[in-house]
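Work through the exercises below with the sequence and the model at hand. Each task is followed by a stepwise solution.

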Amino acid sequence: MNRIFFFQIIGFLFLFFLISEDGASQTGTIKGRVFNHKNNEPLPFTNIILENDPQKGVSSDTGGNFTITKVTPGYVRLVASSVGFQKYVSVDFLVTNSKVVFVEIGMEESAVNLEAVEVKPSEFVRNEESPVSLQRLTIQEIERSPGSNRDVSKVIQSLPGVASAPSFRNDVIVRGGGASENRFYLDGVEIPNLNHFATQGASGGPVGIINVDFIREVEFYSGAFPAQIGNALSSVLEFNQIEGNKDKFSARLTLGSSDLGVTLNGPITKKSTLLFSYRRSYLNFLFSALKLPFLPTYNDYQLKYKIDLDKRNQISLISIGSLDNNKLNTGIKNPNDFQNYILGSLPEDNQWSYTLGIVYRHFRENGNGKWVFSRNMLNNEKNKYKDNIKTPDSLLLDYKSQESENKFRYEGLTDLVKTKILYGAGLQYAEYRNNTYQQIYSGNELKPISYNSYLSVISWNIFGQVTRGFFKDKLQLSLGIRMDANNYSKEMVNMLDQFSPRFSASYGITQKWFLNFNIGRYCQQPAYTSLGYRNNYGTLVNDSLGIRYINCDHIVLGVEFLPDTHSKFSMEGFYKLYSKYPFSIRDSVALASKGADYAVYGDEPLLSISKGRAYGTEILYRNTSLFGFNLILSYTYVRSEFTNYFGKYVASAWDNRNLLYVTVGRKFKHNWEIGMKWRFVGGAPYTPYDENKSSIVAAWDAQGRGYLDYARFNTLRLRSFNQLDLRVDKGFYFRKWSLMFYLDVQNVLAFKAQQPDILVNTQPDGSVVKYVDDKGVERYQLRYIQNYAGTILPSIGIMVEL
């Protein structure tokens, strides 16, 4: 690793000194359109200025269009004002000299007389439907986040309530909830997978799929979900993409620490634009050179094609997909203990997924309607052989599965200025296929599982939400309802059983202080891996066991303080109460503590009997201009517990208790930026091994690793860990092209984070020792090897924009 990084540094410095600073004094151009957000009508004579340079501003023409020239390259923000509308502050966006940036500014009508008082717009937009548990991240915060390597899943780990781990995974763990409790949307189209090598049935993986070059902002809900969003218990991530370039095509080439990518952006016709990207990793070559035991390769694409039919009608084609392959590096000579363990336990896998969606929007005088048609599909294949000898007699796992969903959702919005009415419905047809052969050791004997499963499920939902302001909008109230159902079983077919009300209130004590509240019930359908699980006789096991929708009741109370336009302080207390959570019969634990590894989640016999609770306090301080620094400071105290077989609450795998994150960044002259992120995470509970069962040769050989002792579930706890990440960015802006570098170093202090020790069946010299106990059972002689995470991980990225 050090040699590879050394050559990266040499190449970085060579290119850096090769480029003259003299050629970088160019300027960029911003074009855009200002319109009424509810009906898409253009807003003429709107004043638009640069926030950091108020002298540089223009007024929109009769079509709402505007152009700002001679803009210094870098991240900028616009402020727009128009009579009868709330002032608008845009998110950060990057201006370069190599292309024109297009910005759409949708402004909200004001229900109060703004001429009577001058209201300074805050960068932190408030949402009436979700006054609590909502955070927004701009593209600058995503691009420049230290230690994240331009991966959104890692960036959100700086936000309150989000847990992180020192391992190479992007599991989204929010407010003590499980990894399967989250939903993701890309321009209104639901995408089931956020990561490469995704855990089927959950949300985690090592590398994100989303191309941040396309992202304008990210809205992160950890509660108070709007009524149109279903099937989420812990969080919702909405990714809003940029507008395409209407002047000419531009391209960006990206060389990262693990992949190569190209992005295209430009017009197709006078009324349509295209965004497209493709990325491929070269980790397999890097890992092979480093003699790592696995060789992953990933590919992904992302596409947005938008057509403005006329001022009343828009249509967008949204698509994203991935192709992943992981092979074992069985050619390693004299593997060490860790390499032997990975080679013996990790399966090889192939996975691909895609989402294709069409979004049609029609605007009318007092609102709009949105029709969303989409299809997504996941293909997941895994296989494992004893000692990696690929013969029929050595087969331990052969898993082939497909999930596909065809969805329709309609959202209607009627905006009466003081009252907003949201309403809609959804329909979904899903198919699940599974062909599984797996060796399972249970009940002191080997019990192979072999089944083929096909399942089709029709789901439907209706929703509505009414939001209204009182007392000159000092008090905002929002009441929403949602109901879901499907035809899987009699336990899930009645919509009233999944009745999900939600209520939010926000009171402006002053112009700067707000008291916020939300209460709601949210429901989630179990994973298809659970619904489609069968036994060797072909029976749908969990149907016969009466599996149901999972319920989670949220209560959130918070206070918010906006001292000025650039800063925000908030404190929230939350309580989540789970019911009908799937409970593993095989392991006697709630499924909530699973899903954060590379196996398949939920394909086992389950009972909907577990209860859970997660509660705590979050404190957040954000300031985008604190003595020139951009600061995010968050602290969370969280407890997460679920009931065991006896109904007793025990700590879940996400019971970290203390989460502290500090992220600081600053811009300097000549397009330099430096950022730092420090995190402290309380130790997570873990379960010791069942050494007696693990040492049995037949048991060990069935899965190539030890068995956890679920009778002592989460009775041990790891030590807390902390990590410091640094990042340096530098940009060069020339007349026709731009060049940007970054150096990102994770774990600068080389902190060694404790992980559960690994139980192995090999001796220090690589040999395997067997013996027969006094009962005639053949066993392995096992031992533990220490397991720590925490090497210094540097990476370099180069981006060329043409």
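**Exercise 1.** Does Tyr-507 count as buried, partly exposed or exposed, and what is its relative accessibility?

Solution. The model is a predicted one. Step 1: the relative accessibility of Tyr-507 is 36%. Step 2: buried requires under 20% and exposed requires over 50%. Step 3: Tyr-507 therefore counts as partly exposed. Step 4: Tyr-507 lies in strand S32, residues 499-508. Step 5: together with Ile-509, Trp-513, Leu-515 and Leu-557, Tyr-507 makes a nonpolar surface patch of about 470 Å².

**Exercise 2.** Determine the burial of Asp-729 and list its surroundings.

Solution. Step 1: locate Asp-729 in strand S44, which spans residues 721-733. Step 2: the relative accessible area of Asp-729 is 4%. Step 3: the cut-off for buried is under 20%, so Asp-729 is buried. Step 4: the side chain of Asp-729 forms a polar contact of 2.8 Å with the side chain of Arg-727. Step 5: leaving out residues up to four places away in sequence, Asp-729 touches Arg-144, Asn-671, Trp-672, Glu-673, Phe-741 and Tyr-742.

**Exercise 3.** Explain why strand S1 is described as largely enclosed, and describe its pairing with S4 and S9.

Solution. Step 1: S1 covers residues 28-36, and 7 of its 9 residues are buried, so the rest of the structure largely encloses this strand. Step 2: S1 pairs with S4 (residues 65-71) in the antiparallel sense, over 5 bridges. In this pairing Lys-31 is opposite Thr-67. Step 3: S1 and S9 (residues 100-107) run parallel and are joined by 8 bridges. Here Arg-33 is opposite Glu-104.

Notes
Residues are numbered from 1 along each chain as its sequence is written. This is a predicted model: local features need pLDDT of at least 70, side-chain atom pairs count only at pLDDT 80 or more; totals for chains, interfaces and linings use all residues. Side-chain values use heavy atoms; hydrogens and water are left out. Buried means under 20% relative accessible area, exposed over 50%, partly exposed in between (1.4 Å probe, protein chains only). Helices (H or I, at least four residues) and strands (E, at least two) are DSSP runs, numbered from the N terminus. Two strands pair if DSSP finds at least two bridges between them. Patches are made of residues with over 30% relative accessible area and no salt bridge: like charges are joined within 9 Å, nonpolar side chains (Val, Leu, Ile, Met, Phe, Trp, Tyr) within 5 Å. Accessible areas come from the Shrake-Rupley method with a 1.4 Å probe; for residues, only the protein chains shown count as cover. A salt bridge is a side-chain nitrogen of Lys or Arg within 4 Å of a carboxyl oxygen of Asp or Glu. A polar contact is a pair of N or O atoms within 3.5 Å; within protein, one must be able to donate a hydrogen and the other to accept it, and residues adjacent in sequence count only if both atoms are side-chain atoms. Contact means heavy atoms within 4.5 Å.
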